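User: Could you pick one part of this model and take me through it closely, strand by strand and residue by residue where that helps? After that, I'd be glad to hear about other features of the fold.

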Amino acid sequence: MSWSHLLGQRAALDYLRSAQKSGRAPHGYLFYGPAGVGKRTAAVALAQALLCHQPPEPGEACGACKSCRWIAARNGLLTNHPDLIPLLKNPETEKEKVLGDQEQIIPLDTVLDICARLSKSPMAGPKRVVVIPEAHRMCTGQAEAANAFLKTLEEPPPTSVVILTSSRPEALLETIVSRVQPVRFRRLSAEDIRAGLAQGNAKAQEDEIALAAALADGSLGRAKELLEGDLGRWRTAVMKALERAGPQACPGVGLALWALADAEGKRLFEEAEQKDDEPAADGEDEEGAEAEEEAAAKTESGWKRFVFRRLLDLCEVAFRDALVTAAGAGPDQLLQPDGAKLAQALAQRFGDEGCSRMLEALREAHFATRLYVRGDLVGRMLAGRMVSNLRRGP
Ligand SMILES: [Zn+2]
C-alpha cells in the first residue's frame, strides 16, 4: 500500500505530498468524497509515509524499513503496529477485535481509547497515527464521543496525526471539520476504473470490465461490486426482457426483473455465508468494503436489493442508449455498442419522451429500494410506468 496504489486523485495526492514537504503539515485530515474512490487507500499510504523510519524525503515512504514492510504485509488491515492506532471494538475486553466498516457507530469506548493512545509518545517511529474510516460514525447520535474526540483535536499531542475519511462529511460535527484539513476526493474517470479493475480481476472479460466501469458512476468500489455479481449474465437477461417490452409484454418485464433479483440475491447470500466461514484474507479489497452503505449489512434481502439495483442500472444503460439513438446517434456512441438493435427497438416503442420518462422511473425505482420498499412492489410500479410510457398510436 503506497501512493502508487492510488488511482486518479491527482489534486489530492499533490496536496498531501507537498504538505509533508513544506514542513507545515496539519495534525488532522479529512478525506471526503464518494464511496469507493480511494480515500482509504490514500489514508493508509499517508500513514505509511508518516510512520516510515527512514523516509527518503518528507511525505514518501522508503518501502524497506520495518514499519513500511509491516504495512505492506498487512495490506491495509490496521492492527498490531506499534504506532498505528487500531479502532478496537471493545477496548476493555476484546483487545484484538477491530471495528469494521459495517458497524453503524464508533462507540464512546473506542473513541476514548483512540484519544488515550494518541496522547502517548510514539513507540518506534516519529509519529503516532490513527486512520478513522467513515468518521461520521463517531457523531451519529452520540454527542459524547464526538466531543471527546473534539478535545483531542483542539489540543493535538505534538506527535499525533489523525486521518478521517468520510463519504458523508455533512454528518460530521462542524467543529470537528473546522479542526482538520479537508482533502477532496473526486469521482474516478471510467478509464481509471477500467485500469483499477484490470489490475485485480484477471478473470473478468474485457467487455464486462468496460461495462462495470461505465455503470459505476465514478466509484471503483461500486465497479468491483458490479463484477462481484454476474454482470454478463444479468445483462443478457435484462436485454432479453427489454426486447420483449411491447404493449402486451410490458407488465411482465418489471416482475421478471424482480424474480431474477430474488433468485440471484438468494444465491449470492448463500455464497457469502459460506465464504464467511473461511478465514478472511487480510484487508482484502478495502475499497470494496468501504463502498456503499448497501455493502454494510448484506442480509438475504440486502443481497436481493443489491442485485435488483444492478438490474435497474442495466435497464438504465439500455434506455440511455435508446435515448441517444432516438436523437440520431450511431452505434459507436452507445454505452453498449452490441445493444444497438435493442436501443433502436426501444427508441421506436417509447419515443424520446417515453425514454426520458423511463429513465426517471428507473431512478425512482432505485430510490424506492433504498427506502426498503418491497421488491415485488417496485417491480410492479416499474411495469406500470413502462406501459404508460409506451408510445401511443401508430
Ligand atoms: Zn520506511
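Analyst: Happy to! One term is needed right away: a residue counts as buried when its relative accessible area is under 20%. Please keep in mind that this is a predicted model.

With that cut-off in hand, let's look at strand β5 (residues 128-132). β5 is mostly covered, with five of its five residues buried. In general, side chains in a regular strand alternate between the two faces of the sheet. In β5, R128, V130 and I132 point one way while V129 and V131 point the other way, and all of them are buried.

Where does β5 sit among the strands? The open sheet has five strands in the order β2-β5-β6-β1-β7, and the pairing is parallel. That places β5 between β2 and β6. The edge positions go to β2 (84-85) and β7 (181-184), each of which has a single partner strand, so one side of each is left without a neighbour in the sheet.

On the β2 side, two bridges join β2 to β5, and these strands run parallel. Here I85 has V130 of β5 as its bridge partner. On the other side, β5 and β6 pair in the parallel sense over five bridges. You can follow this register residue by residue: R128 stands opposite S160 in β6, V130 stands opposite V162, and V131 has I163 as its bridge partner. V130 is therefore a handy residue to select in your viewer, because DSSP bridges are what define strand pairing here, and V130 is a partner to I85 as well as to V162.

How does the chain get from β5 to its neighbour β6? The path goes by way of helix α5 (residues 143-154), and β5, α5 and β6 together make a right-handed β-α-β unit.

β6 (residues 160-166) is mostly covered too, with seven of its seven residues buried. Both of its faces are covered: S160, V162, L164 and S166 are buried on one side, and V161, I163 and T165 are buried on the other. Continuing across the sheet, five bridges join β6 to β1 (residues 28-32), and those two strands also run parallel. At this seam, the bridge partner of Y32 is S166.

Away from the sheet, the zinc ion deserves a visit. C52, C62, C65 and C68 coordinate the zinc ion through their SG atoms, at 2.2 to 2.4 Å. The angles among the four donor atoms run from 101 to 116°, and the site is tetrahedral. For reference, the ideal angle for four tetrahedral donors is 109.5 degrees. Along the chain, the donors follow the spacing C-x9-C-x2-C-x2-C. Both C52 and C65 lie in the loop between α2 (39-51) and α3 (66-74), so this pair ties together parts that are 13 residues apart in sequence.

The donor cysteines vary in cover. C52 is buried, with a relative accessible area of 1%, and C65 is buried at 5%. C62, at 27% relative accessibility, counts as partly exposed, because that class spans the range between under 20% and over 50%. As for sulfur-sulfur bonds, with a limit of 2.5 Å between cysteine sulfur atoms, the count of disulfides is zero.

Finally, the aromatic side chains. The structure holds five aromatic pairs. In one of them, the rings of W258 and F308 have their centres 5.2 Å apart and their planes at 75°, so the pair is edge-to-face. W258 belongs to helix α11 (residues 250-277) and F308 to helix α13 (residues 300-326), so the contact ties together parts that are 50 residues apart in sequence. W258 and F308 are both buried.

F319 and F350 form an edge-to-face pair as well, at 5.2 Å centre to centre with 85° between the planes. Here F319 lies in α13 and F350 in helix α14 (residues 340-370), so parts that are 31 residues apart in sequence are tied together. Both F319 and F350 are buried. Ring pairs also link Y29, F31 and F185 into a cluster.

Note on methods: Residues are numbered from 1 along each chain as its sequence is written. This is a predicted model: local features need pLDDT of at least 70, side-chain atom pairs count only at pLDDT 80 or more; totals for chains, interfaces and linings use all residues. Side-chain values use heavy atoms; hydrogens and water are left out. Buried means under 20% relative accessible area, exposed over 50%, partly exposed in between (1.4 Å probe, protein chains only). Helices (H or I, at least four residues) and strands (E, at least two) are DSSP runs, numbered from the N terminus. A crossover is right-handed if, with the strands pointing away from the viewer, the path from the first strand over the helix to the second runs clockwise. Rings of Phe, Tyr and Trp (its six-membered ring) pair if their centres lie within 6.5 Å; planes under 30 degrees apart count as stacked, over 60 as edge-to-face and the rest as tilted. Donors are N, O and S atoms within 2.8 Å of the metal (3.2 Å for Na, K and Ca); water is not among the atoms, so sites may look incomplete. Four donors count as tetrahedral if all angles lie between 85 and 135 degrees; four count as square planar and six as octahedral if opposite donors are over 155 degrees apart and all others between 65 and 115; anything else is irregular.
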